[in-house]
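Please open the model in your viewer and keep the sequence beside it, so that each selection can be followed in both. The tour goes from one stop to the next, and each stop begins with something to select.

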Amino acid sequence: MTVTTRRMLDLTIHEHTITVPLVWGDDADSRTIDVFAAVVTREGGEHLPYLVFLQGGPGSEAPRPFHNPTGPSWLDAALEHYRVVMFDQRGTGRSTPVGDRDLARGAASVAEYLTHLRADSIVRDGEAMREHLGAETWSVLGQSFGGFTTLAYLSTHASSLQHVYFTGGLSAVGRHPDDVYALAYDKMRDASLRYYRRFPEHRDALRRLADRADAGEIVLPDGEVLSVSRLRSLGMLLGTNDGWQTLWSLLERDPGTNAFRYDLAAALPFSPRNPLYYVFHESSYADGHATNWSAERTLPDDFRDDVTLLTGEHVRREWADTVPGFQPWREVVDELASFEWPRVYDEAALLGSGAVGAAAVYVNDVYVPMEFSLETARMLPGVVPWVTSEHEHNGLRAGDVLPHLIDLVHRRRVR
């Protein structure tokens with residue numbers, strides 16, 4: 001255990017690192033990892049309760065806190081009521097991060113290791129950190145996959161949670177991942193067509209780019225020969241509040257220029273900077289199933305026929321062959337695709353959790369479909385759903401979402 005303290009302008013940040021088992025509940029397995037959290041406190045807020053932030057992903061660390069300007073954008077709203085715990089989920093940031101150097105152990109060993117990085121293990125890490133901080137209870141703010149992890153928390157340790165805040169939807173519970181990805185394709189079809197209604201000339205621009213990609217004529221700065229499926233994954237941009245602006249700018253550029261190649265590389269999702277996001281993504285919807293490349297298998301016929309229909313958070317097996325940063329992970333992703341993931345949520349426990357909180361559910365969410373979010377919300381009668389079309393999946397960054405949820409939880413007049 002280590003604890004260090006630093007100042008960031010008017011913020012005090014206590015950095016905590018604790019050592020926990022890699023495999024919770026198996027005393028015969030002696031492997032351990034480190035788990036890191038930064039506790040952020042404003043002046044005068046030293047005795048406020050804790051709010052732990054669980055980042056989206058999976059595979060992304062918590063943001064690092066700053067002031068003037070504030071980052072993340074919702075931090076000041078949270079600090080009005082809480083000390084904020086920026087928690088690096090296992091395998092990310094400073095919590096024994098997973099990266100290319102791990103591949104030296106061999107694909108089978110790495111794949112087995114990754115099976116211990118799921119939401120249920122993150123919950124046990126959170127419990128260890130909560131106890132380390134001396135908190136009887138704390139509250140949780142879960143963005144996207146962080147909200148999925150919050151559901152896992154409520155399935156096993158609900159008594160540790162005072163309030164729960166979900167942003168970016170709630171995971172489907174007990175459903176096959178095929179159900180989720182099939183509905184997400186429907187959302188992406190609608191999002192693609194809405195975009196082309198605004199900018200009809202860009203449909204032909206996308207088709208021309210797809211022809212170039214199919215001919216192997218788009219080569220990114222890292223040497224990736226862009227595949228058509230990677231090009232279509234730019235649809236991820238349509239799932240954020242302002243991502244359409246990035247897509248618009250790309251489709252206005254000359255594809256022969258450096259500006260286009262570098263901007264395209266920066267805009268593509270599933271960056272090798274966080275390989276876990278690609279390698280591990282489908283497991284986040286595997287509540288008791290093997291994924292077997294679910295997003296690829298559920299591709300609708302009209303998406304096969306029309307390259308201008310963009311895709312969202314749909315990973316493809318072929319990227320392990322075509323993306324230089326993913327190629328070293330080829331055998332690992334194949335191992336994980338066939339792994340039979342155990343259940344991570346418990347419907348009866350959720351119904352009996354007594355959870356009190358609020359959930360931002362976005363009508364047009366292309367990553368976490370509203371229909372399944374509301375289905376899950378019915379298992380949490382004490383969690384108030386706020387269904388809104390004001391924001392896309394990343395609405396938390398807009399700054400007004402968290403204050404709204406806090407107001408709902410405390411039954412104050414909504415701003």
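Begin by selecting Ser294 together with Pro177, Asp178, Tyr181 and Glu282, which Ser294 touches when residues up to four places away in sequence are not counted. Keep in mind throughout that this is a predicted model. Ser294 belongs to helix α11, which covers residues 294-297. Is Ser294 buried or exposed? With a relative accessible area of 0%, Ser294 is buried. If you look at the side chain of Ser294, you will find one of its polar atoms 3.5 Å from the backbone oxygen of Pro177.

Next, select strand β6, residues 138-143, where six of the six residues are buried, so that the strand is mostly covered. The cover is found on both faces, since Trp138, Val140 and Gly142 are buried on one side, and Ser139, Leu141 and Gln143 are buried on the other.

Leave β6 selected and add strand β4, residues 50-54, which pairs with β6 in the parallel sense over four bridges. Within this pair, Val52 is the residue opposite Val140. Now add strand β7, residues 161-167, which also pairs with β6 in the parallel sense, here over five bridges. Which residue of β7 is the bridge partner of Leu141? That partner is Tyr165. To follow the chain from β6 to β7, trace it through helix α4, residues 145-156, and you will have followed a right-handed β-α-β crossover.

The next selection is helix α3, residues 119-133, whose 15 residues reach 21 Å from the first C-alpha to the last, close to the 21 Å expected at 1.5 Å a residue. Eleven of these 15 residues are buried, so α3 is largely enclosed by the rest of the structure. Among the buried residues of α3 are Ile122, Val123, Met129 and Leu133, and what covers the buried residues includes β2, β3, β4, β5, β6 and α4. Just after α3 comes Gly134, which has a positive phi, near 80°.

For the last stop, turn to the largest nonpolar core, which has 111 residues, and select Leu114, Tyr278 and Val332, the residues with the most contacts inside it. The largest share of this core, eight residues, comes from helix α5, residues 177-198. Apart from this core lies another, of 28 residues, which includes Ile13, Phe53, Ile406 and Leu408. Finally, centre the view on Val332, which touches Leu103, Ala107, Val110, Ala111, Leu114 and Val279, again leaving aside residues up to four places away in sequence.

Definitions and conventions: Residues are numbered from 1 along each chain as its sequence is written. This is a predicted model: local features need pLDDT of at least 70, side-chain atom pairs count only at pLDDT 80 or more; totals for chains, interfaces and linings use all residues. Side-chain values use heavy atoms; hydrogens and water are left out. A nonpolar core is a set of buried Ala, Val, Leu, Ile, Met, Phe, Trp, Tyr and Cys residues joined through side-chain atoms within 4.5 Å. Buried means under 20% relative accessible area, exposed over 50%, partly exposed in between (1.4 Å probe, protein chains only). Helices (H or I, at least four residues) and strands (E, at least two) are DSSP runs, numbered from the N terminus. Contact means heavy atoms within 4.5 Å. Two strands pair if DSSP finds at least two bridges between them. A crossover is right-handed if, with the strands pointing away from the viewer, the path from the first strand over the helix to the second runs clockwise. A polar contact is a pair of N or O atoms within 3.5 Å; within protein, one must be able to donate a hydrogen and the other to accept it, and residues adjacent in sequence count only if both atoms are side-chain atoms. The expected span of a helix is 1.5 Å times one less than its number of residues.
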